[in-house]
Structures are given as structure tokens and as C-alpha cells.
Amino acid sequence: MNTNLSSSVPSQLETDCLVVVVLDRNEKDRSEKDKPVVTVESSDDAVREAAKDVISSGEVTGKTFETTLLHRPAGLKAKRLLLLGGGKAKTFSGAELRKLAGAAVRTLKSKSIRSFAFVVPETAVPARQGVPAIVEGAFVGNFDPGYYKSDRNEKDQKIDAVTIVVQGNVQGKVQGDAKALENAMQAGRIVAESQNFTRDLVNEPSNRMTPTMMAERAKKMAAEVGLNCEAYGADKIKQLKMGAFWGVAQGSDEPPALIVLRYDPVGAADKVHLGLIGKAVTFDTGGISIKPADGMEKMKYDMAGGATMIGVMRAIALLKPKVKVTAIICATENMPSGKAQKPGDVQIAMSGKSIEIINTDAEGRLVLADGLCYARQLGCTHLVDAATLTGAVVVALGYVNAGIFASDDQMYERFANANKQAGEKMWRLPLDDEYKEVIKSNIADMVNSGGRYGGAISAAMFLKEFAEDTPWIHLDIAGTAWTEEAKPWIAKGPSGIALRSLVEFVKGWES
Ligand code: BES
Ligand code: MN
Ligand code: ZN
């Protein structure tokens, strides 16, 4: 999709569709007497005039994602005018704007429209934030998971070009010069394309995204953006004594892959070295503790944490912040077989700690245990992992929020700021020492499953044993990496959650 920035007067723009946000500026709660006060978010009188009649008819309420499409709008050069509801002005922010851009793309592409212009609602969101938000939302909305559909017509329903219209002088204030806005737009594009790159990897079924194929995709991407990428197989995993990772991998005929991506820019301070660790179980059958058949097909997305880290590295390589980052992706299948590990088995992790396997379906924490240990061995000073780790996090937070766990409050604050910037929904869960009780073992240092209650937390407590004293954050994205039903702004399927927060987080360490 082409993106370009324009400072034309909106009514003078020749486009297939001019998209303008409408907000409800009535601050009181809605009651029968309390009609919405709908405003058209453009300083161009002609645009407001074109929308006047339909608004005074009461048809337009400004409700979030409400769409009103006018053809041949009077006084406008655009072929169509789309009034896009953004909800209450009071609560409108960059995160809402991002979703609206996605909704505009999804509405228009379904009508076979190929290009449009989106007016930044500068009174509500300054252009410096609005421009990248619109780009990000538009790319996310343009993603189509129907990759293997043979019907070309359906596949080709995509937007080819979006123009972002900045009017500049709003209430006498100049809101950022053209060069800065152009850079913001390009940065938004890099992040959004990286998010879609991750979604592409996650969308692939397990027969088309084996650990080996994932390593190949990472290498190809790395070569394109100038990153260093190495992928190791079973020999290296055994040589590093990654007994926990290998315990999972040993059951599969597909070779595992330990993927390492390095970003080491000149001029970065050497006291900070971020480690990004991703769970990449390309298919999780549960192993010998096999999962029920119902819904098992979805376990192809159990590599989303790893795919996220690969996407983050792509964005970082292109955005070039001055901070050293290493990503470690532990890729394997979790299969039952004659070679598979069994409940009761004891594995010795790379750190030397012993693990009694209670449930072979608690495999994510095993591969991450060695990934975290390896990151520390490589000298990482701060660790972040992302994983579709537990069904329990879905019980706790549903499909809305990802779970955040943090061993260090300062690091958490940094992450929470980045997360707020990125506009992704996440919620912190606790890591009190009391939770450690449930992962005690009779025979070994710990068990790999703490049972049903507080399952997301006991899984995180297990990981903490391997992060040791290195400040560490764990993101459990089991409930949020896959969108269960289509939303106005995003298709059903892989969401690309956490990528934007992680990119912001990494940028925040720039020296
Ligand atoms: N990959 C699953 C977690 C998962 C569940 C991801 C739902 C996405 C959606 C993980 O490996 C798993 O099976 N966890 C078990 C742990 C249990 C055996 C302690 C779970 O959550 O049931
Ligand atoms: Mn599992
Ligand atoms: Zn899993």
C-alpha cells in the first residue's frame, strides 16, 4: 500500500473517497433528551458544509465505527465522503484513531474502492501522533488472512494507496513541520509492515511453518534489513545442554531451530543489552498429555511469541535506535511419539536446574527456560519474553488484555509507558513468592505444571527461576495473539499483539 502525506485543503483533493472523523462533543451521558453534538473533524468549511444536511437529519450520531457514505458530495472534488464515527470526543485518542483507520480500510476495500484520503482529526489528536496512528491502523486493516483462497477476486480486495491529510494550522498552532511528519509516517509504516510480517508468520499452518521454515523466513528478512541471523539445530541445542528445550523437541520428526537475531548498532551504550525471547511452538498437540481434538487446529499459532520477536527485530533494524538487542526464538513442534518425553520424566535445563515433567502440554515454559538462560549467557542485561503460554491467562483476562509479569518495577514502568504509547491492551499480574509453592517437586528442583489455579502466574513463576536476577518481563499473549472474531478494524486471525509495545519499549532505551 502506498502512503503519502498531503497538506491540500480536503475539499480540493481528488480522491475516490475522503474520510473524515465525526465526534460526539456532548460531554453529558446520553439520555433521551440529550442528543449527540456531532462535529466534523476538519477545519475545512466546505467539508463541514457537505456533511451538514445528513448530520442535521439526526442520521449521524458519531458512535464509534458508525459509517455514513455520501456520493458526489457537494462542493468537494472527492467522489465520496465517508463520515466515520469516533465516539465521545472526551475519550478519543490515538488508539481510537488507529482503529478508525483500520475500519475505514476494511469498509472501503469491501466496496472495491482502491484508494482514499483520511483527514487527521487534528483538534483531537495532534498530527505528530495522528499521522503514524492512521498509517498503522490502515496497514493492520488491510491485512487479509485468506492467503490460500483460490478465488483471486476475493484475494485482491485490498487498498492500494492512502493519502493522509494534514491541515496544519489548527486554532492558530502549527502542529509540526512537514519533514517531521514525513518521518513519523515512515516510522508508522515500518512498524505496521513489521506487525503484518509477524501476522503472516502466525497465519501459516504448521505444515507450512515448521521450525526450519521459520528460521528460513527469519534469515530472509534479516538479509533484507541488514540484521545478523543464525539458526542452530538439534546438535547446538544439545551442545548447549538445553535439556528443557530438547525435552520438547525430541518427540518430533521435525528438527527444532534456535534462531538468534542480533542488532548491534555503532554508538550504542554497552551497559544495556536487551534480550527478546520468543516461544515458537509451531504446533502444540500437547505431546503425550495430548490436547482434545476440539479446537486443536488453532495450536498452529503457538509460535506467535517467536514470530512477534522476529517482527520486532525487523522494525528495529529499520528504525535504527541506538541500543543493542538480541532476539532468541526457540522453535519446535510439541508432538507425541515413541521418542517423546513422558509425564514423570526429569529434564536438566541449561542453567543446571532440574525439572520434573508433570504435563507435557506445559511445554512453552520449557523451551523458554533455556531461551532465557541463553540470553543471560550472551550478556543480556534486561529480558523480555513473549509467549502464548497458558489457557489460564485467557480465563483471567479473556481475549481483551494480554498478561504482563515483571520481576522489576523500574523495568515495568518503562514497559507500561511504551505499552500506553502503542495503545495495546495489557494488564499486570502478580508474582508473589507464595505462588512458588505450587511448582515444588519431590524429585527435582521444580515441576513444569502448577495446576489449574492461578495457572498463568505459576507458569510465570517457573520462568522467573530462569531469568534469575536479571530484570525480566514476561508477556502471556495466549488470549490476544489470535482475534477470535473479526472486528471493524481487524480481520479474524493473527493480531500481531505486543509488537508495537515492544518496538516502543526498545526505542525507549536509546542512548
Ligand atoms: N499453548 C498452550 C497455551 C494456549 C492455550 C495458547 C490457549 C493459546 C490458547 C500451552 O502450551 C498449554 O498447553 N498450556 C497448558 C498448561 C497446563 C498443562 C499447565 C494450559 O494452559 O492448559
Ligand atoms: Mn501446551
Ligand atoms: Zn503451547
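## Sheet and nonpolar cores

Helix 13 (residues 455–467) lies across strand 14 (382–387), strand 15 (402–406) and strand 18 (472–476), and runs at about 145 degrees to strand 18. The model is predicted. The three strands belong to an open, mixed sheet of eight strands, ordered 8-9-11-10-14-18-15-16.

**Sheet**

- The edges are occupied by strand 8 (228–232) and strand 16 (426–428); each has a single partner strand, so one side of each is left without a neighbour in the sheet.
- From one strand to the next, the twist averages 20 degrees.
- Strand 8 and strand 9 (residues 257–263) run antiparallel and are joined by five bridges.
- Within this pair, glutamate 230 stands opposite valine 260 of strand 9.

**Helix packing on the sheet**

- Helix 6 (residues 211–225) packs on the sheet and touches strand 8, strand 9, strand 10 (273–284) and strand 11 (324–334).
- The direction of helix 6 makes about 15 degrees with that of strand 9.

**Nonpolar cores**

- The largest nonpolar core holds 61 residues, of which Met214, Leu227, Ile259, Leu261, Ile310, Ile329 and Leu475 touch the most other members.
- Helix 9 (residues 304–319) contributes the largest share of this core, with nine residues.
- Another core, of 47 residues, lies apart from the largest one and includes Ile237, Met350, Leu397 and Phe405.

**Contacts of leucine 475**

- Leaving aside residues up to four places away in sequence, leucine 475 touches Val384, Asp385, Ala386, Ala387, Gly403, Ile404, Phe415, Met426, Ala498 and Leu502.

Terms used. Residues numbered from 1 in each chain as written. Chains lettered and ligands numbered in written order. Predicted model: local features only at pLDDT ≥ 70, side-chain atom pairs only at ≥ 80, totals over all residues. Heavy atoms only, no water. Core = buried A, V, L, I, M, F, W, Y, C linked by side-chain atoms within 4.5 Å. Buried < 20%, exposed > 50% of the residue type's maximum accessible area, 1.4 Å probe, protein only. Helix = DSSP H or I, 4+ residues; strand = E, 2+ residues; numbered from the N terminus. Contact = heavy atoms within 4.5 Å. Pairing = 2+ DSSP bridges. Axes fitted to C-alpha atoms, helices over the stretch in contact; angles between N-to-C directions.
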